Amino acid sequence: MKRIKAACITQTLCFFNHDKETTEYAKRAIVQEYEKYKSQLERSGTKYKILSETTNVNG
């Protein structure tokens, strides 16, 4: 019987506003959602690595 000791999953996440607004409030809300997601990963002890992080020109 074989067991998996380690695995690698590549995942692309996009945080965006569903209303297509580009106001400063909408931009801050997206950044807050992103920071909350990262802090949840850290709190749960999930091992992760961010390979690249980009911000679109519209925020």
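A pocket is an open set of points on a 1 Å grid over the protein atoms alone, where a 1.4 Å probe fits, with protein on both sides within 12 Å along at least five of seven lines. In this predicted model, local features need pLDDT of at least 70 and side-chain atom pairs count only at pLDDT 80 or more, whereas totals for chains, interfaces and linings use all residues. Residues are numbered from 1 along each chain as its sequence is written, and side-chain values use heavy atoms, without hydrogens and water.

**Largest pocket**
- The volume of the largest pocket, the space filled by probe spheres set on the points, is about 1,300 Å³.
- Its lining (residues with an atom within 4 Å of a point) comprises 34 residues, and Leu-13, Cys-14, Phe-15, Tyr-34 and Ser-52 are the closest to the pocket centre.

**Overall form**
- The protein has one helix and zero strands, where DSSP runs define helices (H or I, at least four residues) and strands (E, at least two).
- The radius of gyration, taken over C-alpha atoms, is 16 Å, well over the 10 Å that the globule rule (2.2 Å times the number of residues to the power 0.38) gives for 59 residues, so the protein is more spread out than a compact globule.
- Along the principal axes, the C-alpha atoms fill a box of roughly 55 × 20 × 20 Å.

**Burial and Thr-55**
- Of the 59 residues, 10% count as buried (under 20% relative accessible area, with a 1.4 Å probe and protein chains only).
- Thr-55 lies in the segment after α1 (24-44).
- Thr-55 counts as exposed (over 50%) because its relative accessibility is 67%.
- Thr-55 and Leu-13 are 42 residues apart along the chain, and their C-alpha atoms are separated by 12 Å.
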